[in-house]
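The following exercises concern aromatic rings and their surroundings. Please work through each task before reading its solution.

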Amino acid sequence: MITTTGFEKGEIARHLRDIGARRVLEIGAFKGETTRVLVDTLAEAGGSVVVIDPMSWSSEIVRNGIVRHTARFPRVLTTIERLLHRASYEPAFWQNVGGRERAGIHLYRSLSSDPRLLASSDPVLQSFDAVFVDGDHSYAGALLDLERWGGRVRDGGLVLVHDATPRFPGVVRAVEDWSRSTGLEAVWPTRDSLCVIRVRGALAERGLPVTHVNHAP
Ligand SMILES: C[S@@+](CC[C@H](N)C(=O)[O-])C[C@H]1O[C@@H](n2cnc3c(N)ncnc32)[C@H](O)[C@@H]1O
């Protein structure tokens with residue numbers, strides 16, 4: 001789904017309030033429709049939202065559009081990504097979240113799999129109360145997000161995964177594998193597609209080894 005449903009937006013806000021969240025990461029924000037909910041909810045507690053998204057149509061069309069239907073990543077897709085790279089939905093993002101001057105938003109224009117970002121010592125990226133995973137919907141992409149970013153959620157925090165339904169089998173399999181390897185229970189959606197995983201204990205040392213890193217666009 002291109003954004004969360006109204007029901008999911010309400011659930012996300014409720015979960016964040018329940019844990020008193022002040023630092024939330026959204027991976028894959030697109031035009032900021034859910035980011036708006038995150039920022040508004042966290043503003044109540046004086047918190048801030050970190051967003052990782054390349055803000056480029058290439059990632060949305062190629063990674064979430066075409067790649068979902070192909071087993072491999074053909075060379076032609078690399079060309080399409082390059083051509084689309086300059087086209088951006090970022091203006092719509094800022095409009096939806098309330099303007100570039102809106103406080104409490106840290107935007108990283110990047111893929112979540114970018115090795116430089118993953119290795120960054122930027123304090124803003126080290127630890128979160130909750131991570132909302134809604135970026136690359138392939139198995140490898142979703143698993144990397146769970147391992148490398150979900151692994152930064154504190155004890156008692158939450159990993160929320162969008163599109164955890166049979167329409168996105170890669171996302172479902174990634175959640176199954178990560179929850180098995182970490183021993184965390186995934187609460188699957190009974191309505192719409194938001195999966196909720198509550199973190200217990202320190203996650204940094206747990207989870208599957210990363211076996212795949214996507215190409216940067
Ligand atoms: C389904 S949309 C996100 C929708 C948004 N969370 C919402 O609820 O309105 C997916 C977004 O993820 C971005 N994306 C794709 N692969 C990504 C990656 N590896 N890292 C970060 N963002 C990615 C796409 O460019 C797109 O903006």
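A charge sits over a ring if NZ of Lys or CZ of Arg is within 6 Å of the ring centre and within 35 degrees of the ring normal. The model used throughout is predicted.

**Exercise 1.** Determine at what distance from the ring centre Arg173 lies over the face of Tyr139, and which ring lies beneath the charged end of Arg152.

*Solution.* Arg173 is located over the face of Tyr139, at 3.9 Å from the ring centre. For Arg152, the ring is that of Trp149, and the charged end is 4.2 Å from its centre.

**Exercise 2.** State how many aromatic pairs a search of the whole structure finds, and classify their geometry.

*Solution.* The search yields two aromatic pairs. In one, Phe30 and Tyr89 are 4.7 Å apart centre to centre with 65° between the planes, an edge-to-face arrangement, since planes over 60 degrees apart count as edge-to-face. This pair links distant parts of the chain, 59 residues apart: Phe30 belongs to the loop between strand S1 (23–27) and helix H2 (33–43), Tyr89 to the loop between helix H4 (75–84) and helix H5 (90–97). Both Phe30 and Tyr89 are buried. Phe93 and Trp94 also pair edge-to-face, at 5.1 Å centre to centre and 80° between the planes.

**Exercise 3.** Decide whether Phe93, Trp94 and His15 are buried or exposed.

*Solution.* The cut-off for buried is under 20% relative accessible area. Phe93 has 0%, so Phe93 is buried. Trp94 has 9% and is therefore buried. His15, in helix H1 (residues 6–18), is buried because its relative accessibility is 11%. Beyond its neighbours within four places in sequence, His15 contacts Leu158, Leu160 and Val196.

Notes: Residues are numbered from 1 along each chain as its sequence is written. This is a predicted model: local features need pLDDT of at least 70, side-chain atom pairs count only at pLDDT 80 or more; totals for chains, interfaces and linings use all residues. Side-chain values use heavy atoms; hydrogens and water are left out. Rings of Phe, Tyr and Trp (its six-membered ring) pair if their centres lie within 6.5 Å; planes under 30 degrees apart count as stacked, over 60 as edge-to-face and the rest as tilted. Helices (H or I, at least four residues) and strands (E, at least two) are DSSP runs, numbered from the N terminus. Buried means under 20% relative accessible area, exposed over 50%, partly exposed in between (1.4 Å probe, protein chains only). Contact means heavy atoms within 4.5 Å.
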